[in-house]
Amino acid sequence: MTGAIGVSALRVSLGGAPVLLGIDLTVEPGEWVTVIGPNGAGKSTLLRAVGGLLPHTGEVRLHGTPVGQLRRREMARLVATVPQTPTVPPGMAVLDYVLLGRTPYIKPLGRESERDLTAVDEVLARLDLTGLAARELETLSGGERQRAFLARALAQGATVLLLDEPTSALDIGHQQEVLDLVDELRADRRLTVLATMHDLSLAGEYADRMVLLARGAVVAAGSPRDVLTEDLLSAHFGGRGRGVAGEHGPLIVPVRAPRRR
Amino acid sequence: MTALMPKSREQRPRPARLTAGWLAAGVGAVAVAAVLGLAIGPVALNPLAVAAEVLNLLPGVSIHSGLTPQEAAIVTQLRLPRVALGLLVGSMLALAGGCYQGVFRNPLADPYLLGVAAGAGLGATAAVALGVATGIEGGARASGLVPAFAFAGALLGVFLAYGLGAAGAKVRTPTTLLLAGVAVVAFLTAIQTYILQRNLETIREVYTFILGSLATSGWSEVRLALPYAAVAAVVVLAHRRELDVFSVGDEEAASLGLHPQRSRLLLLIAASLGTAAAVAVSGLIGFVGIIVPHMIRLIAGTSYRLILPLSMFFGGAFLVLSDLLARTILPPTEVPIGVVTAFLGAPFFVLVLRSAKRVGL
């Protein structure tokens, strides 16, 4: 088990209930893997466990090192997380919010150095947020806010990016803008991306590989063409969908039940 | 998406931090409040002469203040310890309040939240009852029993809240700690009420403690509270950046490399220790710990890097000015200082609240 992320026999229980039942997964450096699955399948739990935020059995390795052997600050330099619904601190300026991402580099009881400020300046410029640096986070639009969340994660300087439903609150234009940006950053900075997504078509468009999770177990893994099949989706999502050939993989179109006469 | 070239640092917005301007404002507020507190009283003194007399106390400084020996004694022996204690207690209550609000992410948190006040009240009541029962000359407050018992009671209250806050759950969350605090307050208050009912002659002295006062303050009270207040201030101020990180919640703070539970425990112990020391020497002075940090928040922004140090400066100045009013508004009697803090603070706070562009609570 090598790779940027290596997960082996991962089991997680929440409140005494088993949520992940033995997951094996490897994500190579620079690869984008998207986890899909119905609600309650354990997608977010998998990301939180990889981020070292949940007690677990089995093994999670980051660049070969078991997360249990890493200190919190070391972990935060290796892996950055954008949660599904990040907390928006009231009254906090975008600059101060993105600076929070430098926490793992600031000595306990210390404050930001010029190096930290420069790193944040670069991230803000890269994400076209420089003009919004003094604005309060809560006054930004949904798309701008998502870029600010991403900026804080990038400021951590980690090579592994965990994105939990990064586009769930965005319209189609902003969804594509954010995912294009992640893809550019992945290429620029050789980031490894592990994401969860509900929009199967978008997931298939951007991911190198996909993992279908159902009831806490991996039921399918491979290229978007291998995973986004009508049979698999029908079996595990319980919905009706039709695969339409797209440029990078199938696009999933929901189909309603026959109309009652 | 355009990648803009970063401008020079000077052209960019600066991160929230204590600037020289804010520092000067804080020091200025403390200086003005201290000089007024020293100059105004039954014997009115020239503020400039008072300032010179105080500077004269500094090693290596020799200025002729122009005050008579009696006036100099009024400044240095009567009013200075009271002003010093006011600065100490006010700054500690405001700092602890700001710290609690950050740790609990709750704008209604105040320094008495986790049983400090109830424990101190019980300790003071027990001391007064003991003083009356054993016939201590001059009363329990003058004998030093009240501050000692109040301090012990305040610590007891906090440690009970911490202990219960983890029971039934493996970790202490803000919610379990708050609930434990509610239970401890109810329990300790019940015991205090029982002791009061059994010793009705103690009610007046206990009531004085509960309303808070700096009337009996001297250098001994300053010496008692100062070491705890200093430790509390150093620990809390050193963690002011972490309190900003806490504003995104425990899990995100952990993903940024912090240990939220460990830091929270350390901060609450430090803030409670400072509060216990303040309560032990001045009684229960309300309003300072909740209003001062909010005023700073409304005026200077929501970063704890600004809120905590500025709360110390303005909390100290606010309490000294409140005490000045408390002892001069209805001479020769003193109005309870808690009444003045609420009377002064509430309208001013509403004014700031209504005129502020942002609340950030």
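The exercises below, each with a worked solution, concern a predicted model of two chains, A and B.

**Exercise 1. Determine the order and pairing of the four-stranded sheet of chain A, and find which strands stand at its edges.**

Solution. Begin with the order of the strands, which is S2-S1-S4-S5 in chain A, in an open sheet whose pairing is antiparallel. Next, consider the ends of that order: strand S2 (17–27) and strand S5 (65–66) of chain A each have a single partner strand, so one side of each is left without a neighbour in the sheet. Then turn to a pair within the sheet, where strand S1 (residues 5–14) and strand S4 (residues 57–62) of chain A are joined in the antiparallel sense by five bridges, and where A:Ser8 stands opposite A:Glu59 of S4(A). Finally, look for the helix that covers the sheet: helix H1 (residues 43–50) of chain A packs on it and touches S1, S2 and S4 of chain A, with a direction that makes about 115° with that of S1(A).

**Exercise 2. Describe the six-stranded sheet of chain A, from its strand order to the helix that packs on it.**

Solution. The order is S6-S7-S8-S3-S9-S10 in chain A, and this open sheet has mixed pairing. Its edge strands are S6 and strand S10 (217–222) of chain A, each of which pairs on one side only, and neighbouring strands are turned against each other by 15° on average when direction is ignored. Both senses of pairing can be located, since strand S9 (residues 209–214) of chain A runs antiparallel to S10(A) over five bridges, with A:Met210 opposite A:Gly222, whereas S6(A) and strand S7 (residues 160–164) of chain A are parallel over four bridges. The helix to be named is H1(A), which touches strand S3 (32–36), S6, S7, S8 and S9 of chain A and whose direction makes about 150° with that of S8(A).

**Exercise 3. Decide which residues lie on each side of strand S6 (residues 79–82) of chain A, and whether they are buried or exposed.**

Solution. The starting point is that side chains in a regular strand alternate between the two faces of the sheet. Applied to S6(A), one side carries A:Val79 and A:Thr81 and the other carries A:Ala80 and A:Val82, and these residues are all buried, which leaves both faces of the strand covered. As a last step, the bridge partner of A:Ala80 in S7(A) can be identified as A:Leu161.

**Exercise 4. Compare the surroundings of A:Glu165 and A:Arg190 by their C-beta neighbours.**

Solution. First place the residues: A:Glu165 is in the loop between S7 and helix H6 (172–189) of chain A, while A:Arg190 is in the loop between H6 and strand S8 (192–196) of chain A. Next, examine the backbone, where phi is positive and near 50° at A:Glu165, a residue other than glycine, and where A:Arg190, not a glycine either, has a positive phi of about 50°. The counts then decide the class: A:Glu165 has 18 C-beta neighbours inside 10 Å and therefore counts as partly exposed, and A:Arg190 has 11 inside 10 Å and therefore counts as exposed.

**Exercise 5. Characterise the packing of helix H1 (residues 20–39) against helix H3 (residues 69–104) in chain B.**

Solution. Start from the overall make-up of the chain, which has 15 helices and zero strands, and of whose 361 residues 50% count as buried. The axes of H1(B) and H3(B) come within 9 Å and cross at roughly 140°, and the crossing is right-handed. The contact is made by B:Val30, B:Ala34, B:Gly37 and B:Leu38 of H1(B), together with residues of H3(B) that include B:Val75, B:Arg79 and B:Leu87. Sorted by class, the contact has seven nonpolar, two polar and one charged residues.

**Exercise 6. Work out what chain A brings to its contact with chain B, and which residues touch the most other members of the largest nonpolar core.**

Solution. The contact involves 34 residues of chain A and 31 residues of chain B. Among the elements of chain A that give two or more residues is helix H3 (94–99), but H4(A) gives the most, with five residues. By class, this side has 18 nonpolar, seven polar and nine charged residues. Turning to the core of 192 residues, A:Val98 and B:Ala277 touch the most other members, and H3(B) supplies the largest share, 18 residues. Beyond its neighbours within four places in sequence, A:Val98 is in contact with residues including A:Val120, A:Leu124 and A:Ala148.

Methods: Residues are numbered from 1 along each chain as its sequence is written. Chains are lettered from A and ligands numbered from 1 in the order in which they are written. This is a predicted model: local features need pLDDT of at least 70, side-chain atom pairs count only at pLDDT 80 or more; totals for chains, interfaces and linings use all residues. Two residues are in contact if their C-beta atoms, placed from the backbone, lie within 7 Å. Ala, Val, Leu, Ile, Met, Phe, Trp, Tyr, Cys and Pro count as nonpolar, Asp, Glu, Lys and Arg as charged, and the others, Gly among them, as polar. A residue is buried if 20 or more other C-beta atoms lie within 10 Å of its own, exposed if 12 or fewer, and partly exposed in between; C-beta atoms are placed from the backbone. Axes are lines fitted to C-alpha atoms, for helices over the stretch in contact, and angles run from 0 to 180 degrees between N-to-C directions. A crossing is left-handed if the near helix is turned anticlockwise from the far one by less than a right angle, and right-handed if clockwise. A nonpolar core is a set of buried Ala, Val, Leu, Ile, Met, Phe, Trp, Tyr and Cys residues joined through C-beta atoms within 7 Å. Two strands pair if DSSP finds at least two bridges between them.
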